[in-house]
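Got your viewer open and a selection box ready? Let's take a walk through this one, stop by stop.

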Amino acid sequence: MVEDIAKAVLLRLADAEGLNPDLLKDRYVAERNRRIVPTGNGQYTPTVEGAFANFGRDPWADPNFQRDAVLGHSEVIVAGAGFGGLVSAARLREAGCNDIRVIDEAGDFGGTWYWNRYPGAMCDIEAHIYLPLIEELGYAPKHRYSYAPEMLDVSQRAGRHYGLYEQALFQTSILDVRWLESEKHWLVETNRGDRLTCDILVMACGRQSLPKLPGIPGIDRFKGHAFHSSRWDYAYTGGDFHGGMTGLADKRVAVIGTGATAIQLIPEVAKDAKELLVFQRTPSSVGVRANRDTPPDYADRSRPGWQRERRYNFQSIISNIPQDQDLVGDGWTDFTRKIKPPTPIELAEQLGRQPTPEELKLVAEIFDYRVMNELRGRIDDIVADPETAELLKPWYRWFCKRPCFHDGYLETFNRLNVRLIDTGGLGVERISETGIVVDGVEYPIDCLIFATGFEANISYKRLTGFEVYGRGGLALGDHWTGGVRTLHGMMTDGFPNLFMVGGNQQTTAAVNAVHLIDEQAEHVAYIYRRFKELGLRQIEPTSDAVDDYVHIIRSSPANAALVDFYKDCTPGYYNAEGKATRSEDIFFGGRYGDGPIPFFRMLQAWRATGQMEGLTLGDYTGEHVGSGDYVSNIIS
Ligand code: NDP
């Protein structure tokens, strides 16, 4: 509560919009509280093992695929064939590396877009900045927002363009990764009997790839057909990504979940199912998508570096760094602008004195409420039944949950064959042999689609299914028992010649994850180039350099502010289901606090010195060749 006269000034901002911040705040808190599940992340059931492992099986690959074990050495092994692995391998190729082996349990390149082929799957980041390597491929995206088949196609094009297929090992799971001290190599062993060594290992293993199911009582009793959104069962539904799911024409279909995935697939299922029941625990905020075909001249692709420039423009606007123009000009940049509160200086002018921290917080809330009111108003405009419209309204701050954008989701609830079953924030009560029970009422169904997301904020070992043993046999998990420790989020001490690419802790949280990946890949490629130029055999951050970097992360006020923001948010994977108490518990937590652009600039500045600061460099002869401040000789 802000008591003084300044509040009246501030509330004028709100009054003009018909907002009552106190009432809204109370409503948000009440909505949050009724959604808290005491077990937190424990409420979910994994699909990688146990009774539900079948939900995680690969529907796209040949189940009878066999090959002989591969033995041998390559200069680089990349674990992961998603965008992180692809871009890393591409930048390494450009840096002169011609011996790269990519390994993935999937049957092809593509990562997320290999697995997620549900009808309607698309990426809601503009294709021109999201799709990897399209400048290099000379490829013009077909739509402003790419659909899944195009993203898979671009992945395959990149795989071919950079000659990555020849050595790639698909449908192959890594079991173990071990640093061989005497040889200065990594040893990678797989479930197909491969024993592979490499000089450099790049881990590009994604972040949210393990599908999870809700631990709803009775989930194991359901006798109808059920599958997870990321393993779409076209054999059952019929049709393909483009529609024609004739198998659903006589089916009562249920979707559990209303997150970013669900809002894309629900409109498509509604077109083909006899009846669709949508089971909602927390509504998503859904802004305008405005997807459309993109003619070749949609974006100026004439200048070299155009994609990078466009990505920087987008990220700068998201980060409130002034730009001459908004090249992407979509919901992300629009809402980011609208939600940006006045600066302390601007507010001081209005108040005639410096604002207090409490006042700054209130103003930020008011700007957020405005954006959310606009989104709630959009629901009233589109959804014909007022009761349904009310239930679809999100009551939380904009970034509490992943913001969504779609041109057909809300409209779907005007269809006669679609019903929203709101669970009052409590989730589905029970699953029976033949249906779903909410508030004591059983809804009979034939088919159950879980759009219930993926395990988040899990350890590397859990995520990848394998342990990484560094110098002296130390497991990465043990090395990090006191918390993640890295230099730049990409290397760690005691694990030579190892790079981690992706949205790991201690990097940065970029809305366009592929921008981050490309910046990291460039960094890895730079270090690789120096590795070759200097004739090195091992390269590794010093413990001092890692300590210093970890201190930068842990002392960041932005990370503390994140905890403060998310403690009031409705539960979800962003805030460890409402249980986050430390920055590291938060999906975007434990990051380089100044944000993506400063993070990228910091990496660029590090490279520009040419000093390899903080790294220990070891050559073939055992002589110390490093030149950074922290360098010490570790070669025995
Ligand atoms: P989410 O975790 O976002 O959503 C899961 C949904 O399941 C939520 O609505 C959740 O409700 C609901 N749920 C979970 N348990 C229950 C229960 N017991 N009863 C009822 N409902 C339940 O997963 P998504 O697959 O939607 O998204 C996963 C990731 O993929 C995200 O990172 C997302 O950003 C990304 N994505 C990105 C896209 C893009 O365009 N770039 C497109 C699609 C996905 P509640 O909210 O209450 O927990």
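The tour goes from the ligand to the cysteines and then on to the aromatic rings. Keep in mind along the way that this is a predicted model.

**Stop 1: the ligand**

Start by selecting the ligand and the residues around it. You should get a shell of 26 residues, with Gln208, Thr261, Thr282, Lys401 and Arg402 coming nearest. Colour that shell by class and you'll see twelve nonpolar, ten polar and four charged residues. Which helix gives the most to this shell? Pick out residues 260-272: that's helix H9, and three of its residues sit in the shell.

Now show the polar contacts. Begin with the side chain of Arg281, where an N or O atom is 2.8 Å from an oxygen atom of the ligand. Next, switch on the backbone of Thr258: one of its N or O atoms lies 2.9 Å from a ligand oxygen. Then go to Ala260, which has a polar backbone atom 3.0 Å from an oxygen atom of the ligand. If you like surfaces, put one on here: on its own the ligand has 930 Å² of accessible area, and the protein covers 88% of that.

**Stop 2: the cysteines**

Select the cysteines and show their sulfurs. How many disulfides does the structure hold? There's one, and it joins Cys400 to Cys569 with an S to S distance of 2.0 Å. Check the torsion about the S-S bond: at about -70°, it makes the disulfide left-handed. Trace the chain out from each end and you'll find that the bond links distant parts, 169 residues apart. Cys400 is in the loop between helix H14 (386-391) and strand E12 (404-405), while Cys569 is in the loop between helix H20 (557-567) and helix H21 (596-609). Are these two ends buried or exposed? Cys400 is buried, at 4% relative accessible area, and Cys569 is buried too, at 1%.

Hop over to Cys97 next. Why is Cys97 without a bond to Cys198? Cys198 has the closest cysteine sulfur, but it is 10 Å from that of Cys97, too far for a bond. Cys97 itself is buried, with 0% relative accessibility. Cys123 is likewise in no disulfide, and its nearest cysteine sulfur, in Cys404, is 12 Å away. Cys123 counts as buried as well, at 7% relative accessible area.

**Stop 3: the aromatic rings**

Clear the selection and show Phe, Tyr and Trp. The pair count comes to 38. Zoom in on Trp113 and Tyr130, an edge-to-face pair at 6.5 Å centre to centre with 85° between the planes. Trp113 is in helix H4 (residues 112-115) and Tyr130 in helix H5 (residues 127-130), so the pair ties together parts 17 residues apart in sequence. Both rings belong to buried residues: Trp113 has a relative accessible area of 8%, and Tyr130 is at 11%.

Then select Trp179 and Trp186. They make another edge-to-face pair, with centres 5.4 Å apart and planes at 65°. Trp179 is buried at 5% relative accessibility, and Trp186 is buried at 0%.

For the last view, select Trp332, Phe335, Trp398, Phe399, Phe405, Phe565, Tyr566, Tyr573, Tyr574, Phe587 and Phe588, which together form one aromatic cluster.

How values were computed
Residues are numbered from 1 along each chain as its sequence is written. This is a predicted model: local features need pLDDT of at least 70, side-chain atom pairs count only at pLDDT 80 or more; totals for chains, interfaces and linings use all residues. Side-chain values use heavy atoms; hydrogens and water are left out. A residue is near a molecule or strand if one of its heavy atoms lies within 4 Å of it. A polar contact is a pair of N or O atoms within 3.5 Å; within protein, one must be able to donate a hydrogen and the other to accept it, and residues adjacent in sequence count only if both atoms are side-chain atoms. Accessible areas come from the Shrake-Rupley method with a 1.4 Å probe; for residues, only the protein chains shown count as cover. Helices (H or I, at least four residues) and strands (E, at least two) are DSSP runs, numbered from the N terminus. Ala, Val, Leu, Ile, Met, Phe, Trp, Tyr, Cys and Pro count as nonpolar, Asp, Glu, Lys and Arg as charged, and the others, Gly among them, as polar. A disulfide is a pair of cysteine sulfur atoms within 2.5 Å. Buried means under 20% relative accessible area, exposed over 50%, partly exposed in between (1.4 Å probe, protein chains only). Rings of Phe, Tyr and Trp (its six-membered ring) pair if their centres lie within 6.5 Å; planes under 30 degrees apart count as stacked, over 60 as edge-to-face and the rest as tilted.
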